[in-house]
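Visitor: Could you take me through one part of this model up close? I'd like a single strand and whatever sits around it.

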Amino acid sequence: DEFDAGKAAGEKLASMGGKTGICVNQEVGNVSLDQRCAGFSEGFGGKVDVIPTQNDPAEVEAKVKAALESNPDIDTIMGLGASLVGEPSIAAVEAVGRTGEVNVATFDLSAGFLEAVADGRAAFGIDQQQFLQGYLPVIFLALNAEYGLIPGGNVPSGPNLITKEKAAQVVDLSAKGIR
């Protein structure tokens, strides 16, 4: 559930000391992305502004940089896609000289964002665990066919917050085709 994943991320970022955040939304009006921002805002509990952008990493970086320059209280950035928003947000934080002061997290994963997490330049990535999304239904159907067993409700595959401690493992498993 997108809202619940955003809420978990917001709670984690608040526990890391976040007070003023932005949610960078590259497709305002896309229900899934809007739910991610809404969940983040609820879980974060502090002041959150949504920064609308387009699907252009250069625009994302420019708008995040402008937000950071206009409001020095921003200490948290929530992205809604790793390569499109997360990586440009890290670049914006670095461009204004606030690495280590602003926590950047994003939905989904990319090699570049995972490297930033491993290096401590980003807080975490939100992994919806696509491997489980494909694997679990096969197991459930096999168990149903063989024994008549089936889960009694929604079985979430995530969110799994990929922190510095897990980033290297995810990169390794991705190279092996497991992630």
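Guide: Let's go straight to E5, which is covered on both faces: Phe124 and Ile126 on one side, Gly125 and Asp127 on the other, are all buried (buried is under 20% relative accessible area, exposed over 50%, partly exposed in between, with a 1.4 Å probe and protein chains only). Helices (H or I, at least four residues) and strands (E, at least two) are DSSP runs, numbered from the N terminus. Keep in mind that this is a predicted model, where local features need pLDDT of at least 70 and side-chain atom pairs count only at pLDDT 80 or more, while totals for chains, interfaces and linings use all residues. Residues are numbered from 1 along each chain as its sequence is written, and side-chain values use heavy atoms, with hydrogens and water left out.

Now look sideways. E5 (residues 124-127) runs parallel to E4 (residues 103-107), and three bridges join them; two strands pair if DSSP finds at least two bridges between them. Along that seam, threonine 106 stands opposite glycine 125, and phenylalanine 107 stands opposite isoleucine 126.

Zoom out a little and you get an open sheet of six strands, in the order E2-E1-E3-E4-E5-E6, with mixed pairing. E2 (47-52) and E6 (160-162) are the edge strands, each with a single partner, so one side of each has no neighbour in the sheet. From one strand to the next, the twist averages 20°. H2 lies across E1 (20-25), E2, E3 (76-79) and E4, running at about 170° to E1. Here, axes are lines fitted to C-alpha atoms, for helices over the stretch in contact, and angles run from 0 to 180 degrees between N-to-C directions.

Back at E5, follow the chain onward: glutamine 129 sits in the loop between E5 and helix H6 (130-147). Glutamine 129 counts as buried because its relative accessibility is 18%. Leaving aside neighbours within four places in sequence, glutamine 129 is in contact (heavy atoms within 4.5 Å) with Ser157, Gly158, Asn160 and Arg179. With asparagine 160, the link is a side-chain to side-chain polar contact at 3.3 Å. A polar contact is a pair of N or O atoms within 3.5 Å; within protein, one must be able to donate a hydrogen and the other to accept it, and residues adjacent in sequence count only if both atoms are side-chain atoms.
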